[in-house]
Amino acid sequence: MHHFDYRNGRLHCEDVALDTIADEVGTPVYVYSSATLRRHARVIAGAFDGMSCLIAYSVKANGNLGVLRTLAEEGCGADVVSGGELMRARRAGIPASRIVFSGVGKTRAEMRLALEEGIHQFNIESAAELAVLAEVAASTGKTAKVAVRVNPDVAAGGHPNISTGKSGDKFGVPWNEARKAYAQIAEIDGVEAVGVDVHIGSQIDDITPMRAAFEKVMGLVRELRQEGHDIQRVDLGGGLAIPYKSTDNPPPPSDYANMIREVTEGLGLEVILEPGRVIAGNAGVLVTEALFVKPGPARNFLMVDAGMNDLMRPALYQAHHDILPLRERPAGDKMRYDIVGPICESTDKFAAERDMPPIEGGDRLAIMSAGAYGAVLSSQYNARPLVPEVLVDGDRYAVIRRRPDFEEMIALESIPDWLS
Ligand code: LLP
């Protein structure tokens with residue numbers, strides 16, 4: 001469910017016509033709907049009503065300060081994977097007590113920052129990381145509350161690039177070493193075990209593997225408690241799929257929540273969740289303008305002014321995104337296009353053999369479902385300025401990241417003396 005629809009033949013985000021934003025800000029531009037962000041945060045929180053639950057929005061999906069502040073107002077905490085994300089979350093007003101720090105490779109400096117801030121929990125992914133965290137915590141006179149991210153050896157399905165829960169993936173402590181990690185925690189100063197953490201992948205459209213992984217985790221919680229560890233929390237990660245196509249039918253958050261309610265029943269645990277895509281994905285679009293059509297012997301190329309540097313998902317994961325013209329077209333004649341960007345890479349393609357109404361240079365298009373893992377993955381490749389971002393709220397909108405000018409793009413660079 002989202003707030004992008006045609007009104008009087010023009011595609012709107014809430015009460016604002018996307019053409020109006022494109023006229024003022026230019027293209028390409030990301031546009032986000034506050035109403036969609038808020039709705040998704042409320043639907044997820046509502047599904048867990050009555051449970052002790054922390055919704056730690058996964059900042060990696062979309063870490064813009066305006067987006068984070070919107071979600072902070074909805075009571076979301078944050079799941080961060082770097083010092084930078086931690087500072088973003090704090091700057092947006094998310095209390096440290098609602099922040100969990102995940103990620104396979106935290107530096108000492110990041111650990112120190114998180115300890116000083118007083119975050120809720122560190123998710124630890126190896127014995128080596130645990131030892132370093134203990135050392136850093138002890139040197140600052142603090143105790144780090146930790147959960148060990150376990151690798152349950154459950155395949156989540158979906159694209160292999162975003163599956164994380166199989167043995168052989170770099171993520172988490174191998175299942176048969178998990179208890180040893182908790183024994184290690186009990187023996188060293190500076191760390192205290194408070195929970196167990198798991199995350200098996202992203203865009204998971206079936207809750208069966210999630211249930212399998214979570215049931216294993218609850219078994220581990222029971223064992224750890226028997227061994228004397230005071231396990232009060234489980235962090236069950238993110239991963240719930242969203243519809244990218246009208247035919248996609250991901251499990252509703254209520255089914256996901258009911259499954260979690262069942263598997264955690266009677267354990268008296270605080271449940272932490274790290275949803276990213278399910279909150280931000282369908283809350284954003286990338287608006288682009290058609291430059292021209294290049295007819296080819298085999299196919300017609302529709303060149304647009306957005307590139308894979310602005311939205312990586314199709315190039316990285318062969319991901320499908322619906323693409324809609326900003327001006328509604330009558331159902332009728334369709335043309336078949338490869339919709340491509342201006343980057344010098346063959347993978348710079350948003351859609352292959354896509355049937356669209358006839359498009360001409362100057363027509364604008366919205367690449368849908370681009371709110372998660374869109375702008376955050378963008379770069380200045382080919383010396384293209386970072387794509388701007390706009391947040392809509394009802395009939396108002398604001399630029400929440402502006403497009404840098406050329407001087408800003410090169411401001412961090414310098415030519416060494418010996419060349420001058
Ligand atoms: N927690 C952890 C530990 C994660 O690694 C991730 C995502 C999440 C939470 C949030 O997962 P979500 O609810 O968004 O599925 N760039 C890829 C997705 C990478 C996901 C990485 N980890 C894409 O565009 O599909």
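**Ligand site and domain arrangement**

The largest pocket of the protein is the space that the ligand takes. The model described here is a predicted one. A shell of 18 residues surrounds the ligand, and those that come nearest are Ser202, Glu274, Arg313, Tyr317 and Tyr373. By residue class, the shell divides into five nonpolar, seven polar and six charged residues.

Polar side chains approach both nitrogen and oxygen atoms of the ligand, as the following distances show. In the side chain of Glu274, an N or O atom is placed 2.5 Å from a nitrogen atom of the ligand. For Tyr317, the distance between a polar side-chain atom and a nitrogen atom of the ligand is 2.7 Å. The side chain of His199 has an N or O atom 3.5 Å from an oxygen atom of the ligand. Of the 590 Å² that the ligand exposes when taken alone, 91% is buried by the protein.

The location of the ligand can also be described in terms of the domains. The domain assignment of the protein chain gives domain 1, made up of 4-31 + 281-409, and domain 2, which covers 103-273. The contact between them takes 11 residues from domain 1 and nine residues from domain 2. A distance of 36 Å separates the C-alpha centres of domain 1 and domain 2. Residues of the shell around the ligand come from both domain 1 and domain 2, and the ligand therefore lies between these domains.

Terms used:
Residues are numbered from 1 along each chain as its sequence is written. This is a predicted model: local features need pLDDT of at least 70, side-chain atom pairs count only at pLDDT 80 or more; totals for chains, interfaces and linings use all residues. Side-chain values use heavy atoms; hydrogens and water are left out. A residue is near a molecule or strand if one of its heavy atoms lies within 4 Å of it. A polar contact is a pair of N or O atoms within 3.5 Å; within protein, one must be able to donate a hydrogen and the other to accept it, and residues adjacent in sequence count only if both atoms are side-chain atoms. Accessible areas come from the Shrake-Rupley method with a 1.4 Å probe; for residues, only the protein chains shown count as cover. On a 1 Å grid over the protein atoms alone, a cavity is a set of points where a 1.4 Å probe fits but cannot get out, and a pocket is an open set with protein on both sides within 12 Å along at least five of seven lines; lining residues have an atom within 4 Å of a point. A molecule sits in a cavity or pocket if more than half of its atoms lie within 2 Å of its grid points. Ala, Val, Leu, Ile, Met, Phe, Trp, Tyr, Cys and Pro count as nonpolar, Asp, Glu, Lys and Arg as charged, and the others, Gly among them, as polar. Domain bounds come from an automatic or database domain assignment. Contact means heavy atoms within 4.5 Å.
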